[in-house]
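Hi,

Here is the structure I promised to pass on. Have a look at it first, then read my notes below with the viewer open.

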Amino acid sequence: MERHEVEALLTLAEELHFGRTAQRLHVTTGRVSQTIRQLEHRVGVPLFERTSRKVALTPVGKQLVNDIQPAYEQLRAGLARAIEAGKGLDGELRVGFVGAAAAEMLIDAEKVFGRRYPGCAVHLKEMHLGDAPERLRSGEIDIMLGCFPLAAIDLVTGPTLLTEQWMLAAPASHPLARRSHVSTKDLAGQTFLEAPCGLSFDGTRPGPRAETFQEILTLVSAGKGIFAVGEHAIRFHDRPDIAYVPISDAPKLEWGPVWRATNENARVRGFVEALTGA
């Protein structure tokens, strides 16, 4: 298939309207219709059902679109990466972070990146726990520092930059707050706050939901529940009303860079190198 045939097929499958398809492709409606007819002649069956009221994909047309679209998107992404690489590292890079520990790592990396690539402006953006991946997917940010694992086929995770202990955040008056450490079994029956990127444990009772880290600490202090946080909280959020107790048998918390698979370019790679000291 020629490129113009693929573009006409996929755009019409999305728009289901010859006029809007022609506008998007900057060609005439007649050109779109002719391209689709030629493609249908080659396939041997109709790809679209056309009436005076609507345009719809036939089963064969739907199958052809499903078969072609992933390869076409991969081709476009590859071309975009090649163009970005050709442009070099001028422009801007939007970097997201959640929390003080991530901000500290990004600030150091931004200084290294700035010395290496003075033509690229870096904009640091603080995000809430819950919306960070979606803001990455929407293109609002180009790369973020997040916690692993992050299982999503459209996102790429870079090297681990920080590994730390999970800690139980509990009110200072809580019975577990006086322990030198706790196990996951000790948490059974406890009220556990719900929040994005949090651990879950068997046998705990669901508590109120929080969307930001400060909201988590406020609810913990108010006795609304307990929560698992990274060890960095001791350094950045030391409070007399909250105790941090190591969870001895919890897996380690890992942090690292995350970006969209379709947005890997020279700027993103350059910032990852600045983060890792490469």
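**A buried histidine and what is around it**

At 14% relative accessibility, His237 counts as buried, because the cut-off for that word is under 20%. Keep in mind that this is a predicted model, so everything here is computed from predicted atoms.

Where does His237 lie? You'll find His237 in the loop between α8 (233-236) and β12. Leaving out residues up to four places away in sequence, His237 touches Phe213, Gln214, Leu217 and Tyr244.

**The sheet next door in my notes**

Next, the strands. As general background, strands of a sheet pair through backbone hydrogen bonds, and the pairing can be parallel or antiparallel. Here, 3 strands make an open sheet, in the order β11-β8-β12, with antiparallel pairing. Which strands stand at the edges? They are β11 (227-230) and β12 (242-246); each has a single partner strand, so one side of each has no neighbour in the sheet. From one strand to the next, the twist averages 40°.

If you want to check one pairing yourself, try strand β8 (residues 166-171) and β12: 5 bridges join them, and they run antiparallel. Leu168 stands opposite Val245 in β12.

Helix α7 (residues 213-221) lies across β8, β11 and β12. Its direction is about 100° to β12.

**Two helices that cross**

Now go back towards smaller residue numbers. In general, two packed helices are described by the angle between their axes and the distance between the axes. For helix α2 (residues 18-25) and helix α3 (residues 29-43), the axes come within 8 Å and cross at roughly 105°. That makes α2 roughly perpendicular to α3, since angles of 65 to 115 degrees count that way. On the α2 side, the contact is made by Phe18, Gly19, Thr21 and Ala22. On the α3 side, Thr29, Val32, Ser33 and Ile36 make it. Sorted by class, this contact of α2 with α3 has 4 nonpolar residues, 4 polar ones and no charged ones.

**Cysteines**

How many disulfides does a search of the whole structure find? The count is 0. Two cysteines to click on are Cys120 and Cys147. Cys120 has a relative accessible area of 6%, so Cys120 is buried. For Cys147 the value is 17%, and Cys147 is buried too, because that is still under 20%.

Cheers

Methods:
Residues numbered from 1 in each chain as written. Predicted model: local features only at pLDDT ≥ 70, side-chain atom pairs only at ≥ 80, totals over all residues. Heavy atoms only, no water. Axes fitted to C-alpha atoms, helices over the stretch in contact; angles between N-to-C directions. Helix = DSSP H or I, 4+ residues; strand = E, 2+ residues; numbered from the N terminus. Parallel < 35°, antiparallel > 145°, perpendicular 65-115°, else oblique. Contact = heavy atoms within 4.5 Å. Nonpolar A, V, L, I, M, F, W, Y, C, P; charged D, E, K, R; others polar. Disulfide = S-S within 2.5 Å. Buried < 20%, exposed > 50% of the residue type's maximum accessible area, 1.4 Å probe, protein only. Pairing = 2+ DSSP bridges.
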